[in-house]
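Subject: Structure for you to look over

Hello,

I am passing on the structure we talked about, together with notes on what was found in it. Please look at it first and then read on.

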Amino acid sequence: LEALDLSKLPRFHAARHAAPLLEPAIYPAGSENLPGASKDWGTTGFIVNTKSVSQNPASWKEFFELAQGPLTGKVMVHDYQLTTIGSAAKALGYGFNTIDPNELAEIEKLLVAAKPHLFGIDSNYQPSMRNGDATMAMCWTNDAAQLHRDIPEMKYVLGKDGGEIWVDHYAVVKG
């Protein structure tokens, strides 16, 4: 990546960015070389319509159990493999970024078992949550805030068994 020419980004101010999210973007560490700037950051959890769901899930384990049980046909997972695989890994007690072949095989079994019970596999889950077709969905922070603002009974949950914090960056490819 090219180092960003900050003179061409007059609205960029490093002080507006959380240091733990900006510092990893400086390469090499301690230099002035900033090849990328964070655009967005957040977490991956799940959203539950508390008006339609009597259970109070607090973990990814419970998310997948409800998806295959009482909420069959009413749950959505992302079509973005990192969050779906990582969240399933947490449901099984594994690291979000596991590369262990045995653990990945167990994650695959969980996801294949859950698939016929899902309402959908899509990262555009807001319409289905808003119209009631889905009552629980994997969800990113900003979507959760929008859903809760518009429909107060929508509750965002960060799985107590762990999960994902993410950052999207702007960057310029070298050459």
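Alanine 113 is a residue of helix α4. With a relative accessibility of 36%, alanine 113 counts as partly exposed. Its C-alpha atom is separated by 13 Å from that of phenylalanine 63, and the two residues are 50 residues apart along the chain. Please keep in mind that this is a predicted model.

Serine 31 sits in the loop between α1 (19-22) and β1. This serine is also partly exposed, because its relative accessibility is 25%, and partly exposed covers values from 20% to 50%. From serine 31 to glutamine 126, 95 residues further apart in the sequence count, the C-alpha atoms are separated by 41 Å.

Overall layout

The chain contains 6 helices and 6 strands. Their order along the sequence is α-β-α-β-α-α-β-α-β-α-β-β. Along the principal axes, the C-alpha atoms fill a box of roughly 55 × 40 × 30 Å. Of the 175 residues in the chain, 38% are buried. Among contacts with a separation of 6 or more, 69% are between residues 24 or more positions apart.

Nonpolar cores

In soluble globular proteins, nonpolar side chains tend to be buried together. Which residues have the most contacts inside the largest nonpolar core? They are Phe46, Trp60, Phe63, Phe64, Val75 and Met136, in a core of 21 residues. Two or more residues of this core come from each of β1 (36-49), α2 (60-67), β2 (75-77), α3 (81-91), α4 (101-114) and β4 (136-140). Helix α2 gives the largest share, 5 residues. There is also a second, separate core, which has 13 residues, including Met76, Ala137, Trp140 and Leu147.

Trp60 deserves a separate entry. Leaving aside neighbours within four places in sequence, tryptophan 60 is in contact with Thr44, Gly45 and Phe46, with Ser87, Lys90 and Ala91, with Met138, and with Gly159, Asp161, Gly162 and Gly163.

Aromatic pairs

The structure has 6 aromatic pairs. In one of them, phenylalanine 46 and tryptophan 60, the ring centres are 5.1 Å apart and the planes stand at 65 degrees, so the pair is edge-to-face. This pair links distant parts of the chain, since phenylalanine 46 belongs to strand β1 and tryptophan 60 to helix α2, 14 residues apart. Phenylalanine 46 is buried, with a relative accessible area of 0%, and tryptophan 60 is buried with a relative accessible area of 0% as well.

Another pair is formed by tyrosine 125 and tryptophan 140: the ring centres are 6.3 Å apart and the planes are at 55 degrees, so this pair is tilted. Tyrosine 125 is in the loop between β3 (120-121) and α5 (126-131), while tryptophan 140 is in strand β4, so the pair ties together parts that are 15 residues apart in sequence. Tyrosine 125 and tryptophan 140 are both buried. Ring pairs also join Phe46, Trp60, Phe63 and Phe64 into a cluster.

Helix α3

Is α3 enclosed or not, and why? It is largely enclosed by the rest of the structure, because 8 of its 11 residues are buried. The buried residues in α3 are Thr83, Thr84, Gly86, Ser87, Ala88, Ala89, Lys90 and Ala91. Their cover includes the helices α2 and α4 and the strands β1, β2, β4 and β6. After α3 comes glycine 93, which has a positive phi, near 85 degrees.

The largest pocket

The largest pocket has a volume of about 200 Å³. What lines the largest pocket? The lining is made up of Asp40, Tyr80, Leu82, Trp140, Asn142, Asp143, Glu164, Trp166, Val167 and Asp168. At least two of these residues come from each of α6 (141-150) and β6 (164-171), and β6 supplies the largest share, 4 residues. By type, the lining residues divide into 5 nonpolar, 1 polar and 4 charged. Trp140 appears twice in these notes, as a residue of the second core and as part of the pocket lining.

Regards

Note on methods: Residues are numbered from 1 along each chain as its sequence is written. This is a predicted model: local features need pLDDT of at least 70, side-chain atom pairs count only at pLDDT 80 or more; totals for chains, interfaces and linings use all residues. Side-chain values use heavy atoms; hydrogens and water are left out. A nonpolar core is a set of buried Ala, Val, Leu, Ile, Met, Phe, Trp, Tyr and Cys residues joined through side-chain atoms within 4.5 Å. Buried means under 20% relative accessible area, exposed over 50%, partly exposed in between (1.4 Å probe, protein chains only). Contact means heavy atoms within 4.5 Å. On a 1 Å grid over the protein atoms alone, a cavity is a set of points where a 1.4 Å probe fits but cannot get out, and a pocket is an open set with protein on both sides within 12 Å along at least five of seven lines; lining residues have an atom within 4 Å of a point. Grid points are joined across faces, edges and corners, and a volume is the space filled by probe spheres set on the points. Ala, Val, Leu, Ile, Met, Phe, Trp, Tyr, Cys and Pro count as nonpolar, Asp, Glu, Lys and Arg as charged, and the others, Gly among them, as polar. Rings of Phe, Tyr and Trp (its six-membered ring) pair if their centres lie within 6.5 Å; planes under 30 degrees apart count as stacked, over 60 as edge-to-face and the rest as tilted.
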